[in-house]
Amino acid sequence: MILFQDQIIEREEVLIDLEDRGYQFGDGIYEVIRIYDGKPFTLREHLNRLERSADEIQLPLPFTLDEIAQHIITLIQRNSLHNGQVYLQITRGAALRNHSFPNEVNPVLTAYTKEIDRPFEKQLTGIKAILTEDIRWLRCDIKSLNLLGNVLGKQKAVDSGVDEAIFHRGELVTEGSSTNVFIIKNGVLQTHPPTNLILSGITRNVVLKLASELGIEVKEEAFTIHDLKEAEEVFVTSTTQEVMPIIEVNSTAIQKGTPGEITKKIQAAFSAEITLSK
Ligand code: PDD
């Protein structure tokens, strides 16, 4: 079943106009929310970010955040989803094709669910990544449907036989194609600050909180490609990947090529946080 505006309907019944601005311009925003044991994880944080993205592109939300939350919960129940994700997007709706906003905006909200198992093998073994220049626009803080730069980055990773592309602007590392990047250097956990150059990940923010609680020093400061390659540990975070160790960057092993001890501690704390939230 699909959430279409405020109705739960069959997928076959969803009608999206050919001139929907999401389809033609990528003019819209989205969120991916994780569901554990039938309950959305950090739902409020995701909805707050959705509202911020909407404000930043001057898109009026068709419903209140509380209404959207209620519709998401109904969708989860109707699909009997236990462990998985909800993908939700809102576009600026249908209008004759014209770059500027239409006079009358009728936003289109859709959401669907997908099952995911946890934990998955790669969280234990870690994944490999490549570095690639960050060619995206300068508002990566908006969770926009325009993902072509991210898509091309991820495809480059897949073509290189690895799982993630880590973006850099010149010497400075920004984030992954669909993740935030962390390094551990001299025992300090470091990640890019939440500027216009990265998406302020919900998982990122949970990890920063957990690390502080564990007594790990944290630093929100951009680091270089050199720092990344020389790091004691590297991991990436996202709603779907959670805390994912990176064991190789551009064919160079990070430390011994196995997930590091601090990464494992943070993974354990993240699992405990999920259990607490249920
Ligand atoms: N990706 N950076 C980028 C570019 C992302 O696309 C994502 C999430 C993140 C991590 O954000 P969060 O922790 O809030 O999921 C960082 C989602 C999962 C996706 O597009 O599928």
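In the predicted model, D134 and R136 form a salt bridge in which the closest N and O atoms are 2.8 Å apart. D134 is buried, with a relative accessible area of 4%, and R136 also counts as buried, at 10% relative accessibility. Salt bridges that share partners further join R52, E56, R139 and D141 into one network.

A search of the whole structure finds 19 salt bridges. One of the pairs is formed by the side chains of R34 and E242, with an N to O distance of 3.3 Å. This pair links distant parts of the chain, since R34 belongs to strand β3 and E242 to strand β14 (residues 242-249), 208 residues apart. R34 has a relative accessible area of 2% and is therefore buried, the limit being under 20%. E242 is likewise buried, with a relative accessible area of 2%.

Another salt bridge is made by the side chains of K122 and D163, at 2.9 Å from N to O. K122 lies in helix α4 (residues 121-125), whereas D163 is in the loop between α5 and β8 (164-169), so the pair ties together parts that are 41 residues apart in sequence. Both partners have intermediate accessibility: K122 is partly exposed, with a relative accessible area of 38%, and D163 counts as partly exposed at 32%. The K122 and D163 pair thus joins partly exposed residues, whereas R34 and E242 are buried.

Strand β3, which carries R34, belongs to an open sheet of six strands. The strand order is β2-β1-β6-β5-β3-β4, and the pairing is antiparallel. The edges are occupied by β2 (7-9) and β4 (39-40); each has a single partner strand, so one side of each is left without a neighbour in the sheet.

Within this sheet, β5 (residues 84-91) is joined to β3 (residues 28-36) by eight bridges, the two strands running antiparallel. The register of the pair is given by I35, whose bridge partner in β5 is G84, and by G28, whose bridge partner in β5 is T91. Eight bridges also join β5 to β6 (residues 108-115), again in antiparallel orientation. In this second pairing, L88 stands opposite A111 of β6. Eight of the eight residues of β5 are buried, so the strand is largely enclosed by the rest of the structure.

Helix α2 (residues 43-56) lies across β3, β4 and β5. The helix runs at about 175 degrees to β3. Two members of the salt-bridge network, R52 and E56, fall within the residue range of this helix.

A nonpolar patch is present on the surface, with an area of about 480 Å². The patch is made by I135, L147, L148, V151 and L152. Of these residues, I135 is found in the loop between β7 (127-133) and α5 (148-159). I135 counts as exposed, at 59% relative accessibility. In sequence, I135 stands between D134 and R136, the residues that form the 2.8 Å salt bridge. The two charged residues are buried, whereas I135 is exposed.

Conventions. Residues are numbered from 1 along each chain as its sequence is written. This is a predicted model: local features need pLDDT of at least 70, side-chain atom pairs count only at pLDDT 80 or more; totals for chains, interfaces and linings use all residues. Side-chain values use heavy atoms; hydrogens and water are left out. Two strands pair if DSSP finds at least two bridges between them. Helices (H or I, at least four residues) and strands (E, at least two) are DSSP runs, numbered from the N terminus. Contact means heavy atoms within 4.5 Å. Axes are lines fitted to C-alpha atoms, for helices over the stretch in contact, and angles run from 0 to 180 degrees between N-to-C directions. Patches are made of residues with over 30% relative accessible area and no salt bridge: like charges are joined within 9 Å, nonpolar side chains (Val, Leu, Ile, Met, Phe, Trp, Tyr) within 5 Å. Accessible areas come from the Shrake-Rupley method with a 1.4 Å probe; for residues, only the protein chains shown count as cover. A salt bridge is a side-chain nitrogen of Lys or Arg within 4 Å of a carboxyl oxygen of Asp or Glu. Buried means under 20% relative accessible area, exposed over 50%, partly exposed in between (1.4 Å probe, protein chains only).
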